[in-house]
Amino acid sequence: MRVLGVDPGLTRCGVGVVDGAPGRPLHMVACGVVRTPAELDVAHRLLRIEEGLELWFDQHQPELVAVERVFAQHNVRTVMGTAQASAVAMLCATRRGIPVTLHTPSEVKAAISGNGRADKAQVGAMVTRLLRLDAPPKPADAADALALAICHIWRGAATDRIAAAVATARARPSVKEYRR
């Protein structure tokens, strides 16, 4: 499966594409960032992020998209920008009919390093090891996007199966309905 990971941000939106499957070797296809200048107004920055992400979708044809779930911070401006960039990524994927899954930062860190509180250096080192790269991806936003894609490859399949099972169970008639 090919997964596009997105580490949302208004100034630097990390993007990484990984091919792989649970229990199989992973392969980095590409990684980078979509940058926007701070002097632009937010609307134009979001438009630039959308244009940049659309190029990634066109070039790499992902089957799934993993986006970092926005979490509360003390800096409201940072949270707002991150949430807006996250929404753009989800919109781009959904417009193309590509499933989107959100993963929390601690979930990604735990999946990659075994420690939900791992720092950026630890995540970068593990991404480097897991993808058999010569050096950690730069900038850290790109490494984080790759970590999101890896997390989804490893955990997303199980999560998707659980969600499908729950949906099937909800769709079945209850015992009471059979007795009528």
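How many bridges join β1 to strand β4? In this predicted model, 4 bridges join β1 to β4 (residues 64-68), and the two strands run parallel. The model is a prediction in which local features need pLDDT of at least 70 and side-chain atom pairs count only at pLDDT 80 or more, while totals for chains, interfaces and linings use all residues. Residues are numbered from 1 along each chain as its sequence is written, and side-chain values use heavy atoms, with hydrogens and water left out.

Strand β1 makes a good starting point. Helices (H or I, at least four residues) and strands (E, at least two) are DSSP runs, numbered from the N terminus, and two strands pair if DSSP finds at least two bridges between them. Besides its parallel pairing with β4, β1 pairs with strand β2 (residues 12-19) in the antiparallel sense over 6 bridges. A hairpin through 4 residues joins β1 to β2. Gly 5 illustrates both pairings: its bridge partner in β2 is Gly 16, and in β4 it stands opposite Ala 66. Burial was judged by relative accessible area (buried under 20%, exposed over 50%, partly exposed in between; 1.4 Å probe, protein chains only). Strand β1 (residues 2-7) is largely enclosed by the rest of the structure, because 5 of its 6 residues are buried.

Attention now turns to charged side chains. Side chains of opposite charge can pair when their charged atoms come close. With a salt bridge taken as a side-chain nitrogen of Lys or Arg within 4 Å of a carboxyl oxygen of Asp or Glu, the structure holds 7 salt bridges. A network of these links Glu 50, Glu 54, Asp 58, Arg 95 and Arg 96. One of its pairs is Glu 50 with Arg 95, at 3.2 Å from N to O. Glu 50 lies in helix α1 (residues 42-60) and Arg 95 in helix α2 (residues 76-95), so this salt bridge ties together parts that are 45 residues apart in sequence. Arg 95 is partly exposed, with a relative accessible area of 49%.

Arg 96 takes part in two of the contacts described here. Its side chain meets that of Glu 54 in a salt bridge of 2.5 Å, N to O. Arg 96 lies in the loop between α2 and β5 (100-103) and Glu 54 in helix α1, so the pair ties together parts 42 residues apart in sequence. Glu 54 is buried at 13% relative accessibility, whereas Arg 96 is partly exposed at 33%. Arg 96 also meets Asp 58 in a salt bridge of 2.6 Å, N to O. This pair links the loop between α2 and β5 to helix α1 across 38 residues. Asp 58, at 47% relative accessibility, counts as partly exposed.

Helix α4 (residues 120-130) completes the picture. Its buried residues are Val 123, Gly 124, Val 127, Thr 128 and Leu 130. At the N-terminal end of α4, Asp 119 acts as a cap, with a side-chain oxygen 3.2 Å from the backbone nitrogen of Ala 121. Polar contacts are pairs of N or O atoms within 3.5 Å; within protein, one must be able to donate a hydrogen and the other to accept it, and residues adjacent in sequence count only if both atoms are side-chain atoms. Within α4, a polar atom of the Thr 128 side chain lies 2.7 Å from the backbone oxygen of Gly 124. Thr 128 is buried, with a relative accessible area of 11%. Contact means heavy atoms within 4.5 Å; not counting residues up to four places away in sequence, Thr 128 touches Leu 133, Asp 134, Ala 135, Pro 136 and Pro 137. Arg 132, which follows α4, has a positive phi, near 55°.
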